[in-house]
Amino acid sequence: MAHFNKAFQFKTRSIIVLLTVFGFQLTAQNWDVPADKKAKNSYIKFDKTTASEGEGIYTKNCASCHGNPSKGNVLKSLKPTPPDLASSGTQKLTDGELFYILNTGRGLMPSFKDVLSESDRWKVIAYVRSFNKSYVQVLSNTDPTKSDKVKVTMVYNHETNTVRVQVVAKEQNTSLPLKDAEVLLFAKRYFGKLPIEKGLKTDESGVANFVYPKDLPGNKLGEVELLVKVNDEVYGEVESSTKLKIGIPTDKPGLTQQRAIWGVLAKAPYWIIALYLLGIATFGVFVLYLVKNLFDFWKKGQQ
Amino acid sequence: MIEKEEQPKKKTRREFLQQLGIVGIGSTLGGSAILAALNYDKSKTDSQRIRVLTAQNELHEINKDDLHKVLPSKHGKLTYLQQQGRDGLEGKRFVMVIDLSKCQNARKCMAACQNAHHLRPEQHHINVLKMEETENTPPYYMPKPCQHCDNPPCVAVCPVDATFKRQDGIVLIDNERCIGCRFCIAACPYSARIFNWAEPLNAQVEKDVEYNVELNVPQKKGTISKCLFSADQVRLGKLPYCVSACPNGVYYFGDENEDTVTNGTTKETVRFKKLLEDNGGYTLMPELGTKPRVYYLPPKGKTVPFNEQDREEASEHLHHS
C-alpha cells in the first residue's frame, strides 16, 4: 500500500512538474493585466463552503478544457494546451489576475463575465485556491451588507443624447457620492443584456455619462429597460433598473400577417384567388359554348 | 244417495294431484318461455354491439348505447399545446447567426439537439457539414439547421397544413396533422427535414406523453421532424439547445425586432445588423428567394486547423487533376 502511495505520489508530482513547465510557458505569454485589476481582491471569503460551491461551477464551465485540478487531465488537443489550475504557474498569479483572465478570456478561452455572476466567479477562484496549501487570502474592503445603502438614479438628456447615471450612498442623513465606482450600463433584451458603451468610472459627484445609441429599438411605446451595475470598492455590487422612453418605437407586424403564397387558403394572395376564379370561369364559358354549338348542330339536323 | 249428491264437493286426493300437475307443468312451460324470450332479447342486443378502433390501434367491442361522441375542445380541433405552438410569440422575429470562423466540429450542438428532441442517433435536426468549395479554398465546418425561411417552400407544398410558419418567424411541423407525404422534404433546398422511417427512440416510454408541437416530442413514426429553433425554450426566454450547448461561441441567437443577438457560449449580447455588417454576413442560397432567418459569418481568421481525415470527406466532390 505504502509502495503504491509512493508511486502515485511520484506520478502526480511528475505531472505537476510537467504542468508547471506548461504553466510557465503560458504565463510567459503576457496576459497584460492592468495594475488596478491585478490588485483586486475578493469580497468572498475562500473557505470550504465557497470552494465546494465553486467546484460545482468549475465542473460545469471549466473542467471540459482544464480538467480536474492536480489530476493533469487537461484537454491536450488544444493549442496552446490549457494549464492545470493547481500548477504553480497558475497559483503564483494574484486573485485579481485570475479574476481578470476569467472576465476577459483569451484565444480559445471564452469570457465568463456574462456567463457567471461576480460571486460565482470568485467562488471558482476559491475552488482553484483550495489546491494551494500555502495560499493566504487578502480580502477586499468591500462590505456586501452595505450595498443596500447605495441609490442609483438614471436620467436621459435629449440634447446631448446621454444617460446620466448618479451613484450615491445614504449614510446617516448625509448622501455621499461614490467616486471612482465602476459603472456598467445595459439595455435589457429578450435573451440578454446589451452593453451600452464600455464601463465608466464615476467622477467626484458620483456621476457617469453614457452616450446612448440613437438607433436602438424599444418596445411598442419606445420604452427601453436600462440596467445599471455598479461595482464599488467599499459598497460592493449594486444593480438597478429603470424603464425610459428612449428607444425607437417598434411595432412590426407578425410574419404571418401578410398574404403569402405559402399560406392557407384564407391567407392566399388576391392574385392567386383571382387567377383561379378566372380559370374556372373560362372553363365554364368554354363548356357552355360547346353545348350551344352542339345544340345548333342538332337544330340544323332537324331542319 | 240424494244426500250424498247434495254434499259440497270435496277435493279428492286424485283431483288435487291432477291440479298440481297442471300448475307444475304450466309454470315450467311459462318459465322456459320467459327464459327463451330473455335469451332472444339478449341475442338481439348482441347484434347492437359495435367494434371501435382506439387511438392505441386496439379493436374493442362495446354497446352502441355506450358510445359517446367526443365534443371538440375549446381550441377547436387543436389541443392547447398545438394552438399555442401555431400562434407563436407576438412582436418577435427570431434570428440565428452562425460564426463559421469559430466552429471546430465539437458537435455538442448536434448532441444537445438529439437529446432534447428524442432523436435516433442517425437523425439530425442540425448537422455540422465539412465544406470545401474549390481546390484552392480552405475547408471549413458549417453547422446547418433549418433556415426558418420567411418564404418557406416547404409550407407552400404541404397539402394538409401540417407544417406552418408562425408570426415570430419559426417554421414548425405538427406531427398530429402530418400524413407523411414528404413533399416538404422534396421542396426544401437546404435538406433540413428528416422522416421518421422507424419507430421513434422512446416510443414505448412516451406512449402516454402529451404531444408538444414546439418540441416534436413524442416523435411519431411515418411523419416529418425538423429543427424547431427550440420553440419551447425560446418561449421561456432561454436560448435554443444547440446555441447554449456550443463550447466555441459559434452561435448567436436573438430577436431581429430588438436588433440584438446573444452568443450562446459567452452570453455576450451584440447588435445584430452591426455584427453582419462588420463580418460580411450572408445567407445560404439567397438566389432562391427563400429569405432565410439563419445568417452566416464567413470562416475568416480561423485559428484551429481543419482535421485531415475530414478533409478527404470535404473534398470528395472536387475533381483532382
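Begin in chain B of this predicted model by selecting domain 1 (13–66) and domain 2 (91–320): each contributes at least three residues to the lining of the second largest pocket. The volume of this pocket is about 640 Å³. Next, display its lining, which comprises 24 residues, and highlight B:Glu176, B:Lys207, B:Val209, B:Pro218 and B:Lys220, the residues closest to the pocket centre. Colouring the lining by residue class gives 10 charged, seven polar and seven nonpolar residues.

Now turn to the boundary between the two chains. Select the residues in contact: 27 belong to chain A and 39 to chain B. Together, chain A and chain B bury about 2,600 Å² between them, with carbon and sulfur atoms accounting for 59% of that area. On the chain A side, select A:Tyr190, A:Phe191 and A:Trp262; these residues provide 32% of the area that chain A buries against chain B, more than any other three residues.

Which residue of chain A forms a salt bridge with B:Arg271? Select A:Asp215, where the closest N and O atoms of the pair lie 3.2 Å apart. This interface of chain A and chain B holds two salt bridges in total. For a wider view of the polar links, show the residue pairs in polar contact between chain A and chain B, of which nine are counted with both residues at pLDDT 80 or more. To finish, colour the side of chain A that touches chain B by residue class: 16 of its residues are nonpolar, five are polar and six are charged.

How values were computed: Residues numbered from 1 in each chain as written. Chains lettered and ligands numbered in written order. Predicted model: local features only at pLDDT ≥ 70, side-chain atom pairs only at ≥ 80, totals over all residues. Heavy atoms only, no water. 1 Å grid on protein atoms, 1.4 Å probe; cavity = no way out; pocket = protein on both sides within 12 Å on 5 of 7 lines; lining within 4 Å. Points joined across faces, edges and corners; volume = space filled by probe spheres on them. Nonpolar A, V, L, I, M, F, W, Y, C, P; charged D, E, K, R; others polar. Domains from an automatic or database assignment. Contact = heavy atoms within 4.5 Å. Buried area = accessible area lost by both parts, 1.4 Å probe. Salt bridge = Lys/Arg side-chain N within 4 Å of Asp/Glu carboxyl O. Polar contact = N/O pair within 3.5 Å; in protein donor to acceptor, adjacent residues only side chain to side chain.
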